[in-house]
Amino acid sequence: METLLYKLTWPEVEEYLRRQDIILLPTGSTEQHGRHIAIDNDTFTAFEIAKRVAEKTGVLVAPPIPYGNSIHHMRFPGTITLTFNTLVKVYKEVCMSLLKHGFKKIVILNGHGGNINAIDQAIREIREETGAIVYNVMVFPMEKGFGSESLKILEQEGGGHACEMETSIALYLGQRVLMEKAEKMRKKLTEFDEKYMGKVSTAINFDEITENGNLGDPTLATKEKGRIMVEAVVEEISQFIEDLKKI
Ligand SMILES: [Zn+2]
C-alpha cells in the first residue's frame with residue numbers, strides 16, 4: 001500500500017478516510033550537523049522513521065515540514081530557520097487542513113528539539129479552537145521517550161546533536177555521513193558555562209559552545225548501534241499508533 005499522502009490521488013485519500021483517521025506528520029530542521037552529517041538530518045530522520053512506522057501500521061504520512069526553529073545554529077552556513085510564531089502557524093495551518101478533510105488523529109513526528117515548544121503551542125491552540133487532540137512525538141530515542149532502553153548501548157559522555165546517537169542513526173538510515181570528518185565535540189565552554197549549564201538556561205548559540213558544531217562524540221557511532229535504536233523507536237511508536245487506533 002502507498003503510505004505517502006502526496007503520492008495518492010484525492011479519491012484514494014477519500015477512500016483511506018472511510019476506514020482510517022490517523023496521519024503522521026514528520027518535521028525536523030534544516031540546520032548544521034557538525035562537519036560530518038548533511039544539513040537535512042532532522043527532517044530526513046523524522047521522515048525515515050515515519051515511513052517505517054507507516055509500513056508497520058498502515059497509516060498515511062503527510063509531506064515532511066523541512067524547516068524548524070534553528071536560530072541557535074545560524075552562524076553555521078546552510079542553516080535555515082523560521083521564527084517561533086511563524087513555525088506555530090505552519091504546524092497549525094497544516095494540521096487544520098488535515099483536520100478539515102477528516103483526519104482526526106494527527107501524530108507529529110519531530111526530529112528537532114528546538115521545535116518542541118512551537119509544536120506544543122500549536123497543538124494547544126488547535127485543542128482550544130477545535131477540540132482536536134494532536135500528538136507531539138520525538139523520533140530520536142530520549143530518556144523518557146520512545147526507544148529509551150536502546151540508549152544503553154551508547155558510550156559517549158554528553159551528546160544531543162550530531163553525536164554518537166544521531167550519527168549512528170544517520171548511518172543506519174542511509175544519510176550522507178562523512179565519517180572521516182567526524183570528531184569529538186571541540187568545546188568552547190568557559191568555566192562559568194560548565195558550572196551552570198543545565199541549571200540555568202539562556203539564549204546561547206551553538207557556535208559559542210562547540211567549534212565543530214556537534215556535541216558528544218560521533219567517532220563512536222556505528223551502523224549497528226543505529227539499527228538497535230531505530231528498531232526500538234519504530235517498534236514503540238508503532239505500538240502507540242496501534243493503541244491510538246483503538247481509542
Ligand atoms: Zn539533529
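**Valine 134, the core and the zinc site**

Tutor: Let's start with valine 134: setting aside neighbours within four places in sequence, its contacts are Cys95, Ile106, Ile108, Ile123 and Ile126. Bear in mind that this is a predicted model.

Student: Why is valine 134 called buried?

Tutor: Its relative accessible area is 7%, and buried means under 20%, so valine 134 qualifies. It sits in strand 4, residues 134-138.

Student: How far is valine 134 from valine 107, in sequence and in space?

Tutor: They're 27 residues apart along the chain, and their C-alpha atoms are 6.0 Å apart.

Student: Which residues touch the most other members of the largest nonpolar core?

Tutor: Leu24, Ile106 and Ile241, out of 54 residues. Beyond its sequence neighbours within four places, leucine 24 is in contact with ten residues' worth of company, among them Ala50, Val53, Leu109 and Ile241. There's also a second, separate core of 6 residues, including Phe76, Met185, Leu189 and Phe206.

Student: What makes His33, Asp42 and Glu166 donors of the zinc ion?

Tutor: The cut-off here is 2.8 Å from the metal. His33 (NE2), Asp42 (OD) and Glu166 (OE) lie at 1.8 to 2.0 Å, so they count as donors. Their spacing along the chain is H-x8-D-x123-E. Histidine 33, in the loop between strand 1 (22-27) and helix 2 (41-57), is 133 residues from glutamate 166 in helix 5 (residues 164-173).

Student: How do you know whether histidine 33 and glutamate 166 are buried or exposed?

Tutor: Same limit, under 20%. Histidine 33 has 0% relative accessibility, so it's buried; glutamate 166 has 4%, so it's buried too.

Technical notes
Residues numbered from 1 in each chain as written. Predicted model: local features only at pLDDT ≥ 70, side-chain atom pairs only at ≥ 80, totals over all residues. Heavy atoms only, no water. Donors = N, O, S within 2.8 Å, 3.2 Å for Na, K, Ca; no water. Helix = DSSP H or I, 4+ residues; strand = E, 2+ residues; numbered from the N terminus. Buried < 20%, exposed > 50% of the residue type's maximum accessible area, 1.4 Å probe, protein only. Core = buried A, V, L, I, M, F, W, Y, C linked by side-chain atoms within 4.5 Å. Contact = heavy atoms within 4.5 Å.
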